[in-house]
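Student: I would like to learn how to read a few features of a protein model, taking one at a time. Could we look at one together?

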Amino acid sequence: MSDLPLVQADRAVPPPAATTTTGGRGRRLRLLSRTDRVVIALMVLVPLLLVVALVWLPALATVALSTTDWDGIGPVSEIEFVGARNYSDVVNIYPPFVPAVQNNLLWLAALFVVATPIGMFLAVLLDKELRGTRFYQTALYLPVVLSLALIGFVWQLIYSRDQGLLNGVFGTDVDWYGDPDVNIWAVLVAAGWRHVGYIMLLYLAGLKGVDPSLREAAAVDGASEPSTFFKVVFPVMRPINIIVLVVTVIESLRAFDLVWVINKGRNGLELISALVTANVVGEASRIGFGSALATIMLVVSLVFITVYLATVMREDRR
Amino acid sequence: MSRPRSQAEYLARLVPPSVAGLRRRSLLAGAAGTGALLGTGLLAGCGGDDSGGSGSKTVSLGSNQSDPKPKDVIAKVVDGFQTSSGLQVAINTVDHNTYQENINNYLQGKPDDVFMWFAGYRMRFFAARGLAGDLSDIWGKLSGMSDAFKKASTGDDGKQYFVPSSYYPWAMFYRKSVWQQNGYQVPKTLDELTTLAAEMKKDGLVPIAFADKDGWPAMGTFDILNLRINGYQFHVDLMAGKESWTSDKVKKVFDAWRGLLPLHQPDSLGRTWQEAAQSLQQKKSGMYLLGLFVAQQFNNDEQDDLDFFTFPEIDPAIGAKALDAPIDGYMMARRPKEEENAKKLLEYVGSKAAADITVKNDPSTLVANTEADTSGYTALQKKAAELVGSATEIAQFLDRDTRPDFASTVIIPALQQFIKDPADIDGLTTSIENQKKSIFTD
């Protein structure tokens, strides 16, 4: 973002510390009163404790439990260590695992290749300030407001084989949710329907923020609409592009509600998150086995998180 | 609009005006409120009154009967107990599915003194883990309970841990009017069943309604074929993990099922049992293998038109006298706050008086107590009670007769796989057996 005059202006302001005398430790401390220091300490400690207690400890416990065959009943002392058996079971004898990984990847690809570009395209259209743009905006954003569970229910009315709208209107008898070759695509349409609205809103906000003078300059230079967008507007929106990328990855990794509402993530709709839930939550209580699945998911997520953090940090350093 | 300078500023602008209008404080208050609401919905959060001490007049009851009708029946039974005993019952009703999914945490936390549960492995499992109270002394006082029910209430250690209240058989349901119109006869053997189904096909009906979107209804088909081909004892041993799934006996069951699949409603994996039942109700299918609760999908004036027959014989040496008839009932917490009162309540819910109240108010279930006044039963209920009464052995249904982790994480996907691809029985049974070995370790 070094091309931005605003940012440069910010950086041009010399840091306040430089204006004070070259005092050592004691001098700098006096800048903060006792209350300030207590407040700062609390502001650091409380969130830190919360993050450790609610995120890190459970995550580590999950990794630890993934090497046991605990069923969730009885004291911790009775937990039996089974080494990597859960992992080898997941890979070797658990039929839903491979389809789950494939579906997660398919989910990511579909959102990234289809839903995200459509969202961008709609944002560009709405940015043109068409008549009734607010109506379109609301209509397209509506699915994002609904929970995925509700979306699953809404689409159920459309997809039901015997009583659904789709088969009723077209006189077909496609088993939209039951046929494992079809249902993942049917669900992706429903998930994409929601994702498009989300991406559209992110992009719309980004487009509104693009400096109009850039477009004017492009227009003066005689650039066509598409080339203005791809060569000027799109590159300027780099931070938004990164956010959209991250949102898409997160959405596809945490995809869960929709398939769970439909058929608990079975028969063609396997997702790793649904397998974790099916094993850990409920009567099944295969805590150890489910934890192994959760750990695998954690590792996959970590790859994306690392890539994202590396990108963001590189951005900050520039 | 000026360009945002930082990512934070940018993100702040993404908040839609409708939300931005709310102040942060009201959002926090809302979040806290939601949290509190969620908290009250959790089982572990509700421990009942902590009145403590002996001679207390209260007892708490955990109920999974969350639908309006059964909830009302439970309330009436509890009313009956309160009037006859002078004790106060605090009913803690939780949504049926939530109850089942939280049962582990519930029983290890602060469960209610008495809680509703199911007979079979599910009951024996918690009894064996020391999470249920011994009810042997109550069984000495109960009258009107058959030996079959006592057996179904007994844990691995020979003590009773369960008081049955109601049950429902699984059978082949059909509409009398449809059968009369087409002149169909109740089949007595598998051959007669397939001949009948072929006739139905010719008449433009789907012979057997079928749904397995939820995963469990197909268990009923597997169970009945297994009971008819291999008998009750094999069912019990197979469910207990003692028999191999790769044995020829199991393969024979899948083989028979594969032969029957073309007679079943197609595309079952996208259909709920309610939708399948409606195809029977709308006279589009000829018959449907399901529990007595199938009647819920029929209007009041159609109830008399509903009839059933038990699944026909396959092997004459085994006969057709065994069936699935899951039993619902009550158990006691391992350390109830009010043990004496809890036992009084348990004695009451197993009594004729409680059964009479249930008969009067609930036409969709059968009561366990044989002394109950069943003159209020519908024709369908009477026939169902007769069927169960004449059964030599009563199974509890696949997911009640085996480990819950095995039933839900292995069998459901496996049966759906079979329905999708009935050809590969060898691969399927090998996969089930491998997973079984990994789960049945203790």
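Student: Where in chain B is the place of Glu433(B)?

Tutor: Keep in mind that this is a predicted model. Glu433(B) lies in helix 21 of chain B, which covers residues 425-439.

Student: Is Glu433(B) buried or exposed?

Tutor: Burial is judged from relative accessibility, with anything under 20% counted as buried. Glu433(B) has 7% relative accessibility, and therefore it counts as buried. Leaving aside residues up to four places away in sequence, Glu433(B) touches Glu243(B), Ser244(B), Trp245(B) and Thr246(B).

Student: How many of the residues of strand 3 of chain B are buried?

Tutor: In a regular strand, side chains alternate between the two faces of the sheet. In strand 3 of chain B, residues 114-118, 5 of the 5 residues are buried, so the strand is largely enclosed by the rest of the structure. Val114(B), Met116(B) and Phe118(B) are buried on one side, while Phe115(B) and Trp117(B) are buried on the other, and thus both faces are covered.

Student: Which residue is the bridge partner of Met116(B) in strand 10 of chain B?

Tutor: The partner of Met116(B) there is Tyr330(B), and strand 3 pairs with strand 10 of chain B, residues 327-332, in the antiparallel sense over 5 bridges. Strand 1 of chain B, residues 58-63, runs parallel to strand 3 of chain B and is joined to it by 2 bridges, with Leu61(B) standing opposite Val114(B).

Definitions and conventions
Residues numbered from 1 in each chain as written. Chains lettered and ligands numbered in written order. Predicted model: local features only at pLDDT ≥ 70, side-chain atom pairs only at ≥ 80, totals over all residues. Heavy atoms only, no water. Helix = DSSP H or I, 4+ residues; strand = E, 2+ residues; numbered from the N terminus. Buried < 20%, exposed > 50% of the residue type's maximum accessible area, 1.4 Å probe, protein only. Contact = heavy atoms within 4.5 Å. Pairing = 2+ DSSP bridges.
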